[in-house]
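Trainee: Please take me through this one slowly. I'd like a close look at one charged pair, and then at what surrounds that topic in the rest of the chain.

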Amino acid sequence: MRISEHRRRGRIDGLHVDSALGRLALWLLLLAFVPSTLARAQSVTATIDRPEVSVQDPLHLTVTVEGSRSARPQLPDLSDFDVRSRGQSTQMSFVNGQLSSSVKYDFVLSPKRPGTFSIGPVTVEIDQEIYSSKPFTVRIVGASQATRDSQDLFITAKVSTTNPFVGQEVIYVWRFYRRIRIGDARLEPQDFSGFLAEDLGEVREYRSTVNGVQYLVSEIRKSLFPQEAGPVVIPASRLTCEVLTRSRRRGGTIFDEFFGTSATDTKVLRSRQIELEVRTLPASPRGFSGLVGEFEINGEVSQAELRVGESTTLRTTVRGSGNVQMIGEPKLPELPAFKTYDDKPTGAIKRDGARLTGFKTYSRALVPLEVGEPVIPPVKLIYFDPNGESYRTAETAAIPLRVGPRQGVETLHLTEAITPTTGKVAVRILADDLLPIYKGLDAVRHRRVRSWTVAFGLVVPALVFIGTFLVQRRRNRFALDHDLRRRHRATKRFRAGLKQVVSGPVDDSQRAQLASRVLREYIGDKLGVEGTALTPEEVDQRLREKGVTDDLVKETHELLVRLEASQYGATVIEADLLSEQLGSLVSRLEKQVRA
């Protein structure tokens with residue numbers, strides 16, 4: 001078979017090279033003289049992929065610098081956008097004996113609000129000369145509610161009321177709707193300045209139909225309690241995610257729709273900001289407890305019939321919904337017929353319901369001093385009802401008691417008269433109340449006691465007291481500190497999630513998505529933040545702030561990136577190997593974060 005001459009020979013600007021090795025040597029020779037043969041055309045241009053987008057879609061800005069590979073472009077004022085670099089690429093071309101180079105810089109501009117914006121020129125300094133690109137204008141339109149039916153993903157935020165009272169519970173509901181695959185979703189920390197915020201359970205996921213379109217929904221619920229009267233704004237929330245897209249190959253068939261190359265597109269979603277007008281409470285009556293919501297109070301005793309000197313326990317329980325963190329001990333009436341002894345209160349707050357609910361029980365031991373039928377008067381609780389916009393009084397029922405005399409009072413007789421007479425009488429000894437008198441030295445004889453017995457008797461009670469004190473203090477800290485409870489249960493939740501990763505999904509992408517969520521939730525619980533909203537870069541920063549070594553931070557970052565890539569089929573991680581990597585990584589993180 002004859003091979004044509006133009007396939008055997010290479011041609012570069014009139015030079016004929018007979019072999020591939022010769023062509024390679026020629027290219028290396030040309031590259032060696034790049035600095036002296038570069039074309040002197042120097043300029044900077046700036047282009048965008050489209051002049052008009054919605055507030056939820058990013059703009060792609062490309063800056064091309066001709067004639068220099070080291071000059072860095074200076075961007076104009078882009079305060080109306082969030083700017084993120086997507087790297088750079090270098091291109092070289094050899095035309096008509098001239099070797100030219102250009103560097104392209106890619107940026108993603110995420111608009112912060114709708115409007116028309118003029119973007120000034122991009123400048124660059126080359127050989128002490130300033131070059132500028134042409135300015136351009138972009139138009140950002142809002143994502144109107146009317147177009148939601150055709151959207152693949154969007155977020156919403158709403159509150160139960162926009163005109164609450166100070167201290168009234170406001171239910172904040174944030175939802176993320178999507179019907180396409182996404183990755184690396186990052187919800188920026190939300191600003192609830194002016195409110196006391198409480199989480200209402202974990203993030204919920206379910207399916208919902210909106211105008212005939214089915215979506216997968218992630219929901220976050222919070223209880224917000226405004227602290228001051230006046231206008232308050234809940235800023236718009238912002239979520240950034242990567243959307244998986246497929247591109248057809250040029251000149252391909254319809255099958256390329258399914259077997260084409262995969263790519264991701266950045267989406268920035270925003271909810272609307274919410275404006276509230278907080279009302280002050282009306283003038284409060286005397287004895288107002290500070291509670292706002294719906295509350296009730298109950299009282300009971302451990303026993304209603306007792307004797308003088310015995311004790312009964314009076315338990316007063318306040319329960320309800322609203323600002324339950326403010327539940328305090330109600331004022332008891334005077335009880336002059338009793339000695340009273342306070343006990344430690346108990347209570348709990350339920351955060352996994354539709355509203356924040358809770359209770360607190362105060363106990364007091366009562367010891368009657370006299371026989372009779374005393375009555376414990378009602379205990380009152382005054383709270384503000386925001387629905388009725390008025391103060392209400394709840395009270396316990398009066399509790400009657402029956403107190404009997406002491407039982408078993410005995411007069412001790414140690415002697416008994418033999419004959420009743422008014423003179424001297426003979427007596428019979430019934431009992432001795434004094435021990436016999438010892439006259440010998442053996443009465444004060446030293447008895448040897450082992451030293452370890454004395455030490456045991458002195459040290460053990462102190463250790464028991466200290467241990468009980470520490471355990472009780474630990475329980476109190478867990479009851480009052482939500483972040484501490486999260487850190488304490490982080491490892492337990494991770495182990496449970498790891499079992500689901502191994503035995504749960506059979507699809508590789510689902511397993512990677514679940515593993516990524518389990519690892520992020522563990523890191524979030526340990527650091528006291530929303531773990532599912534953290535990016536790998538934010539994880540790096542927060543772990544370094546906790547003193548984690550660079551090697552472990554790098555390993556964590558690489559695993560998160562691999563898990564994100566696995567969701568799109570870029571890599572495959574076996575279940576057993578994934579379980580071993582996650583377990584080893586978290587074990588070392590546990591030691592360093594705790595230290």
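Mentor: Glu329 is partly exposed, with a relative accessible area of 44%. Keep in mind that we're looking at a predicted model. The partner of Glu329 is Arg364, and their closest N and O atoms are 3.5 Å apart, which makes the pair a salt bridge. Arg364 sits in strand 27 (residues 357-368), while Glu329 is in the loop between strand 24 (312-322) and strand 25 (338-342), so this salt bridge ties together parts 35 residues apart in sequence. The two ends differ in cover: Arg364 counts as buried because its relative accessibility is 18%, and the cut-off for buried is under 20%. Glu329, at 44%, is partly exposed.

As background, side chains of opposite charge can pair when their charged atoms come close. In this model the count comes to 29 salt bridges, so let's put two others beside your pair, starting with Arg175 and Glu219. Their closest N and O atoms are 2.7 Å apart. Arg175 belongs to strand 13 (residues 170-178) and Glu219 to strand 17 (residues 213-226), so that salt bridge links distant parts of the chain, 44 residues apart. Here both ends are covered: Arg175 is buried at 15% relative accessibility, and Glu219 is buried at 2%.

Next comes Arg270 with Asp82, a salt bridge at 3.8 Å, N to O. Arg270 is in strand 20 (residues 261-270) and Asp82 in strand 6 (residues 81-95), so this pair ties together parts 188 residues apart in sequence. Arg270 counts as buried at 14% relative accessibility, whereas Asp82, at 24%, counts as partly exposed.

Salt bridges can also join up into a network, and one here links Glu202, Arg489, Arg493, Arg517, Glu521 and Asp525.

Now for the nonpolar side of the story. In soluble globular proteins, nonpolar side chains tend to be buried together. The largest nonpolar core in this model has 28 residues, and Leu519, Ile523, Leu543 and Leu582 have the most contacts inside it. The elements giving two or more residues to this core are helix 6 (482-503), helix 7 (508-527), helix 8, helix 9 (550-566) and helix 10 (575-594). Helix 7 gives the most, with eight residues. To get a feel for the packing, click on Leu582: leaving aside residues up to four places away in sequence, Leu582 touches Phe494, Leu498, Ala515, Leu519 and Leu559.

Helix 8 (residues 536-545) is handy for seeing how a helix can present one side inward. Its buried residues are Pro536, Val539, Asp540 and Leu543. Viewed down the axis of helix 8, these buried residues fall within an arc of 105°, so they line one face of the helix. The general reasoning is that an α-helix has 3.6 residues a turn, so residues three or four places apart point the same way. On the other side of helix 8, Glu537 and Glu545 are exposed. After helix 8 you'll find Gly547, with a positive phi near 85°.

Not every nonpolar side chain is tucked away, though. Trp452, Phe456, Val460 and Val464 make up a nonpolar patch on the surface, with about 440 Å² of accessible area together. Phe456 lies in helix 5 (residues 451-480), and at 55% relative accessibility Phe456 counts as exposed.

Terms used: Residues are numbered from 1 along each chain as its sequence is written. This is a predicted model: local features need pLDDT of at least 70, side-chain atom pairs count only at pLDDT 80 or more; totals for chains, interfaces and linings use all residues. Side-chain values use heavy atoms; hydrogens and water are left out. Buried means under 20% relative accessible area, exposed over 50%, partly exposed in between (1.4 Å probe, protein chains only). Helices (H or I, at least four residues) and strands (E, at least two) are DSSP runs, numbered from the N terminus. The arc is that of the directions from the helix axis to the C-beta atoms. A salt bridge is a side-chain nitrogen of Lys or Arg within 4 Å of a carboxyl oxygen of Asp or Glu. Patches are made of residues with over 30% relative accessible area and no salt bridge: like charges are joined within 9 Å, nonpolar side chains (Val, Leu, Ile, Met, Phe, Trp, Tyr) within 5 Å. Accessible areas come from the Shrake-Rupley method with a 1.4 Å probe; for residues, only the protein chains shown count as cover. A nonpolar core is a set of buried Ala, Val, Leu, Ile, Met, Phe, Trp, Tyr and Cys residues joined through side-chain atoms within 4.5 Å. Contact means heavy atoms within 4.5 Å.
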